[in-house]
Amino acid sequence: MLKFINPLLTGELLAILCDMGHGDEVVIVDANFPADAIAERLVRLPGISVTDALEAVLSVLPVDDFVDFPAAAMDAPGERPQIYPEFEALLEKAEGRVIALDPVDRFAFYDRTKEAYAVIATGERRLYANIILKKGVLRA
């Protein structure tokens, strides 16, 4: 165990987040997402909610502030997914600023995930509980 590090952040996951560069993307997905078929680098957090995983990742990952939409979430047909307000609240808490989610169609989300640096597969059972984060920079 490490002081001040969320215990969900395993050594493997911390190494991946550390190795990511500015503009690289990490995707946090629900239990229904075809992560194994899509991900180049896959970390599994079975039994963990997507919001707990997001909070843990945001505790160490700077979110890009050079782009309009540094966070994207899978969109649901005909309705705004119920998890969006939770995503937005966690982003604002971690970054100290409002970050609007970019809603992305399911199949476009799959395509974007194929290009992501890493995917974190959770045990989340809520539908459309998938989010992409673009890594930012730490300023001196």
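Trainee: Before we start, what does contact mean here?

Mentor: Contact means heavy atoms within 4.5 Å. Keep in mind, too, that this is a predicted model.

Trainee: Got it! So which residues does Glu-124 touch, not counting residues up to four places away in sequence?

Mentor: Glu-124 touches Asp-30, Ala-31, Ile-48, Ser-49, Val-50, Thr-51 and Ala-129.

Trainee: And where is Glu-124 found?

Mentor: Look in the loop between strand 5 (118-122) and strand 6 (131-134).

Trainee: Is Glu-124 buried or not buried?

Mentor: Glu-124 counts as buried because its relative accessibility is 7%, and buried means under 20%.

Trainee: What does its side chain make a polar contact with?

Mentor: The partner is the side chain of Arg-126, at 2.8 Å. Arg-126 also helps line the largest pocket.

Trainee: Ooh, a pocket! How much space lies in it?

Mentor: The largest pocket holds about 150 Å³. Its lining is made up of Ala-76, Glu-79, Arg-80, Pro-81, Gln-82, Ile-83, Glu-86, Arg-126, Leu-127 and Tyr-128.

Trainee: How does that lining split by class?

Mentor: There are 5 nonpolar, 1 polar and 4 charged residues.

Trainee: Back to that loop. Where does Asn-130 lie?

Mentor: Asn-130 lies in the loop between strand 5 and strand 6, where Glu-124 is found as well.

Trainee: Why does Asn-130 count as buried?

Mentor: Because its relative accessibility is 1%, and the cut-off for buried is under 20%.

Trainee: What does its side chain reach?

Mentor: The side chain of Asn-130 reaches the backbone nitrogen of Asp-30 at 2.8 Å. Leaving aside neighbours within four places in sequence, Asn-130 is in contact with several residues, including Phe-33, Phe-87 and Phe-109.

Trainee: New topic: helix 3. How many of its residues are buried?

Mentor: In helix 3 (residues 50-58), 7 of the 9 residues are buried. Val-50 and Thr-51 are among them, and Glu-124 touches both of those.

Trainee: What do the buried residues of helix 3 pack against?

Mentor: They pack against helix 1 (11-19), strand 1 (25-29), strand 2 (42-45), helix 4 (84-95), strand 5 and strand 6.

Trainee: Strand 2, then. Which side chains point to which face?

Mentor: The side chains alternate along strand 2. Val-43 and Leu-45 point to one face and are buried, while Leu-42 and Arg-44 point to the other and are not.

Trainee: And in which sense do strand 2 and strand 5 pair?

Mentor: They pair in the parallel sense, over 4 bridges. To see one, find Val-43, whose bridge partner in strand 5 is Ile-120.

Notes: Residues are numbered from 1 along each chain as its sequence is written. This is a predicted model: local features need pLDDT of at least 70, side-chain atom pairs count only at pLDDT 80 or more; totals for chains, interfaces and linings use all residues. Side-chain values use heavy atoms; hydrogens and water are left out. On a 1 Å grid over the protein atoms alone, a cavity is a set of points where a 1.4 Å probe fits but cannot get out, and a pocket is an open set with protein on both sides within 12 Å along at least five of seven lines; lining residues have an atom within 4 Å of a point. Grid points are joined across faces, edges and corners, and a volume is the space filled by probe spheres set on the points. Ala, Val, Leu, Ile, Met, Phe, Trp, Tyr, Cys and Pro count as nonpolar, Asp, Glu, Lys and Arg as charged, and the others, Gly among them, as polar. Helices (H or I, at least four residues) and strands (E, at least two) are DSSP runs, numbered from the N terminus. Buried means under 20% relative accessible area, exposed over 50%, partly exposed in between (1.4 Å probe, protein chains only). A polar contact is a pair of N or O atoms within 3.5 Å; within protein, one must be able to donate a hydrogen and the other to accept it, and residues adjacent in sequence count only if both atoms are side-chain atoms. Two strands pair if DSSP finds at least two bridges between them.
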